[in-house]
Amino acid sequence: MGRVRVLVVDDHRIFAEALAATLAAEPDVEVGVAGSAAGAERALERAAAERRPFDVILVDADLGAAARRSRQPAEPEAPPGHAPVPRRPPGSQPLAVVPRPAAGPAPDGLLLLARAGRSHPELRAVVLATEDDPRRAVRALQAGAGGWVAKDSSLPRLMAVIRGVLRGETHLPPTLLTGVVRELTAARRDRTESERLVETLTPREEEVLRCMVAGLGRQAVAERLYLSPHTVRTHMQNVLGKLGVHSTLAAVAVARRAGVSPSEPSGPPQRTTPSTPTVASTAGPGAG
């Protein structure tokens with residue numbers, strides 16, 4: 001194996017620069033640093049244009065989290081001359097039930113992994129984390145990561161993972177492996193049940209479902225499939241009933257778990273089969 005070019009992506013500048021300096025002390029390692037997902041993408045593009053592409057990208061699991069927290073609205077303050085806004089005592093119940101917000105976009109690190117993998121297929125990725133989180137680790141693997149390493153790992157351990165992912169291996173700490181396997185098993189079980197439900201649909205109902213996955217409303221579905229809005233409404237009701245859900249969003253969630261692809265303007269129905277990452281525990285000499 002020749003020289004290895006590594007890009008460290010972390011928005012904690014002191015940590016990123018310290019890690020880069022440590023890695024650069026290795027005789028066969030060249031290191032670059034980026035402080036954001038956007039900066040990392042620019043660095044990858046620039047290196048590719050110079051025909052000196054990076055081999056491995058090390059991405060902070062919490063990339064962008066600090067910036068997202070700083071954008072959250074502050075608590076309301078009382079106007080001048082008014083009593084302060086009362087705070088609810090710890091452990092007390094709210095006076096009204098506030099709907100739980102929908103899940104936000106994927107973290108910057110996961111988005112970066114997915115985009116970098118598409119733009120630079122030969123690039124290998126490792127996630128740097130402050131704690132073991134099986135669910136996040138599975139999402140990282142699905143986004144294209146080949147390894148998950150604690151930020152306080154020793155240099156020999158980190159280098160072993162970097163060299164391992166370059167050989168096409170998947171590296172997880174032993175303490176994380178059981179949780180990851182459990183998450184993958186649960187995902188497989190959910191997918192199997194979703195597939196069973198989708199298979200109860202007629203071909204026309206599955207076409208309607210694919211249109212729903214594509215985000216089309218009733219009128220747009222009618223135009224796409226050359227049906228009347230009333231007929232589409234009936235098909236949609238049948239789809240919800242057979243999938244055992246009460247909303248379009250829930251039906252789309254079932255469809256995505258089953259691998260149903262969005263409707264295209266033309267072409268036969270398709271069902272995708274997402275790849276399931278193969279994971280391996282790595283606990284060897286130098287594990288930290």
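## A guided tour, beginning at helix H11

Select Leu249 and Arg256 to begin: these two residues are exposed, on the other side of helix H11 from its buried residues. The structure on display is a predicted model.

**Helix H11.** Next, select residues 248-257, which make up H11, and colour Ala251, Val252, Val254 and Ala255, the buried residues of this helix. Those four span an arc of only 160° around the axis, and they therefore lie on the same side of H11. Just after the helix comes Gly259, where phi is positive, near 85°.

**Helix H9.** Move to residues 218-225, where helix H9 has Val221, Ala222 and Leu225 as its buried residues. Turn the view to look down the axis of H9: the buried residues fall within an arc of 100°, so they line one face of the helix. As a general point, an α-helix has 3.6 residues a turn, so residues three or four places apart point the same way. To see what covers the buried residues of H9, add to the selection helix H8 (203-213) and H10, which are among the covering elements. Tyr226 follows H9 and has a positive phi, near 60°.

**Helix H10.** Within residues 229-243, the span of helix H10, select Gln237. Is Gln237 buried, exposed or partly exposed? Its relative accessibility is 42%, so Gln237 counts as partly exposed. Show Ser247 as well: it is 10 residues from Gln237 in sequence, and the C-alpha atoms of the two are 9.4 Å apart.

**The paired strands.** Now select strand S1 (4-9) and strand S3 (56-60). S1 and S3 pair in the parallel sense through four bridges, and Val9 is found opposite Val59 of S3. On S3, Val56, Leu58 and Asp60 occupy one side while Ile57 and Val59 occupy the other, and all of these are buried. Five of the five residues of S3 are buried, which is why the strand is largely enclosed by the rest of the structure.

Add strand S4 (124-129) to the view. S3 and S4 run parallel and are joined by five bridges; Val56 is opposite Arg124 in S4, and Ile57 is opposite Ala125. S4 is itself mostly covered, with five of its six residues buried. Continue to strand S5, residues 147-150, which pairs with S4 in the parallel sense over four bridges. In that pairing, Val126 has Gly147 of S5 as its bridge partner.

**The nonpolar cores.** Display Leu7, Val9, Ile57, Leu112, Leu113, Trp148 and Val180 as side chains; these touch the most other members of the largest nonpolar core, which has 32 residues. Elements that each supply at least two residues of this core include S1, S3 and S4, together with helix H2 (37-49), helix H4 (108-119), helix H5 (134-143) and helix H7 (174-198). Centre the view on Ile57 to find its contacts, among them Leu7, Val9, Leu44, Leu112, Leu123 and Val126. A second, separate core holds 23 residues, including Cys211, Val239, Val245 and Val260. In soluble globular proteins generally, nonpolar side chains tend to be buried together.

**Charges over rings.** For the last stop, select Arg5 and Phe54: the charged end of Arg5 sits over the ring of Phe54, 4.5 Å from the ring centre. Then select Lys151 and Phe15, where the charged end of Lys151 sits over the ring of Phe15 at 4.6 Å from its centre.

Key
Residues numbered from 1 in each chain as written. Predicted model: local features only at pLDDT ≥ 70, side-chain atom pairs only at ≥ 80, totals over all residues. Heavy atoms only, no water. Lys NZ or Arg CZ within 6 Å of the ring centre and 35° of its normal. Buried < 20%, exposed > 50% of the residue type's maximum accessible area, 1.4 Å probe, protein only. Core = buried A, V, L, I, M, F, W, Y, C linked by side-chain atoms within 4.5 Å. Contact = heavy atoms within 4.5 Å. Arc of directions from axis to C-beta. Pairing = 2+ DSSP bridges.
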